[in-house]
Amino acid sequence: MTRTMRAAVLDRPGPATNLRVRDVPVPTPRPGWVLIEVKAFGLNRSELMTRLGFSGDAVTYPRVLGIEATGIVAEAPGGEFTPGQQVVTMMGGMGREYDGGYAQYTCVPAAQVIPFRSELPWDVLGAVPEMLQTAYGSLTVGVDARPAQTLLVRGGTSSVGMAAAVLAKRQDMTVLSTTRNPDKAAVLTALGVDHVLVDDGSVADQVRRILPDGVHGAIELVGTTTLPDTLRCVRVHGTVCFTGMLSNEWTVENFYPIGYLPQGVRLTAYSGEAGNLPAGVLQSFLDDVTAGRARVPIDRVFDLDHISDAHTLMESGEARGKLVVLP
């Protein structure tokens, strides 16, 4: 194997053009770590935050970004995996504490590697890991969703929002999903969303007209700007899971719980790791995609040389699904 690879390197925080593709050494795995030949990776807004310099002092530069990757095992000196085995990896410090998936190879701890088997194309497989992990964890850990319940997805045309809708419909849930752009409604309907709500900053009245008692659960992906309204959409003993911050608004000023939280409505949060996505759940989802029982919402596929273009599109908020890069 050649000992150099192409990677998108961020030398300092800033605009998308600060991501520069160049040759760097292939990392060498030590025992307990796995070297993965990256076949595809998805883009995530947390990488946008890192690129802009909002990920704190833990990130040093130059850095290869990327909190996820999909590919095949190149080396596993500890014997945890077999060379050539299909795997995904995500989180655990990727792209922040050590170099991540924006490269032809990435080296990660074996504990955050999940094996699978699939003949789906790499662009489809590359869209899945972090999107599925976040959506699945938000539904199960965050909302504790049950079959046939009702669910609101606030920020429904984000990749995680669309994945959450797909997973919820697999449980026969009634799904309400929001978009700020009426032109994106058809995208959500095609995923099986039952009620598309145009979000002008307040959707609680729309929800209550459909479901007077409110929804059983809600996944908040927009941020703290819409959180109070999302809480008003949920019935007594229902749950709102705070997962995303598409608005880049992370905190609630002068938080007073009794005045902020509707009576009897629960507020939780979710920020998961690879360990929150069981291998069986990943395999089952991929099998359902292969059989046509589930969809992977992909907007566009890029090559590594166009990583800056991909980041620009992600930053614009105009994508209608996951953005994927084939390195």
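**Figure 1. Contact between helices α1 and α10 in the predicted model.** Five residues are not shown in isolation here but together with their partners: Arg-45, Glu-47, Leu-48, Arg-51 and Leu-52 of α1 meet His-311, Met-314 and Glu-315 of α10. By class, the residues of this contact comprise three nonpolar, one polar and four charged. Helix α1 spans residues 45-52 and helix α10 spans residues 307-316; the two pack at an angle of about 105 degrees, and their axes lie 10 Å apart. Because angles of 65 to 115 degrees count as roughly perpendicular, α1 is roughly perpendicular to α10.

**Figure 2. Buried residues of helix α10 and the elements around them.** Ile-307, Ser-308, Ala-310, His-311, Leu-313 and Met-314 of α10 are buried. Among these buried residues, His-311 and Met-314 also take part in the contact with α1. The elements against which the buried residues of α10 pack include, besides helix α1, the strands β1 (4-10), β2 (19-25) and β3 (33-42). Strands β15 (298-303) and β16 (322-326) also pack against the buried residues of α10. Just after the helix, Gly-317 adopts a positive phi of about 80 degrees.

**Figure 3. Packing of helices α3 and α4.** Helix α3 (residues 129-143) packs with helix α4 (residues 159-170) at an angle of about 55 degrees, the axes being 8 Å apart. The two helices are therefore oblique to each other, and their crossing is right-handed. From α3, the contact involves Met-131, Leu-132, Thr-134, Ala-135, Tyr-136 and Leu-139. From α4, the participants are Ser-159, Val-160, Ala-163, Ala-164, Leu-167 and Ala-168. In terms of residue class, the contact of α3 with α4 has 10 nonpolar and two polar residues, and no charged residues.

**Figure 4. Surroundings of Cys-107 and Cys-233.** The predicted structure holds zero disulfides. A disulfide is a covalent bond between the sulfur atoms of two cysteines. For Cys-233, the closest cysteine sulfur belongs to Cys-241 and is 15 Å away, which is too far for a bond, since a disulfide requires a pair of cysteine sulfur atoms within 2.5 Å. Cys-233 has 0% relative accessibility and so counts as buried. Cys-107 likewise counts as buried, at 10% relative accessibility, because the cut-off for a buried residue is under 20% relative accessible area.

Terms used. Residues numbered from 1 in each chain as written. Predicted model: local features only at pLDDT ≥ 70, side-chain atom pairs only at ≥ 80, totals over all residues. Heavy atoms only, no water. Axes fitted to C-alpha atoms, helices over the stretch in contact; angles between N-to-C directions. Helix = DSSP H or I, 4+ residues; strand = E, 2+ residues; numbered from the N terminus. Parallel < 35°, antiparallel > 145°, perpendicular 65-115°, else oblique. Contact = heavy atoms within 4.5 Å. Nonpolar A, V, L, I, M, F, W, Y, C, P; charged D, E, K, R; others polar. Left-handed = near helix turned anticlockwise from the far one by under 90°. Buried < 20%, exposed > 50% of the residue type's maximum accessible area, 1.4 Å probe, protein only.
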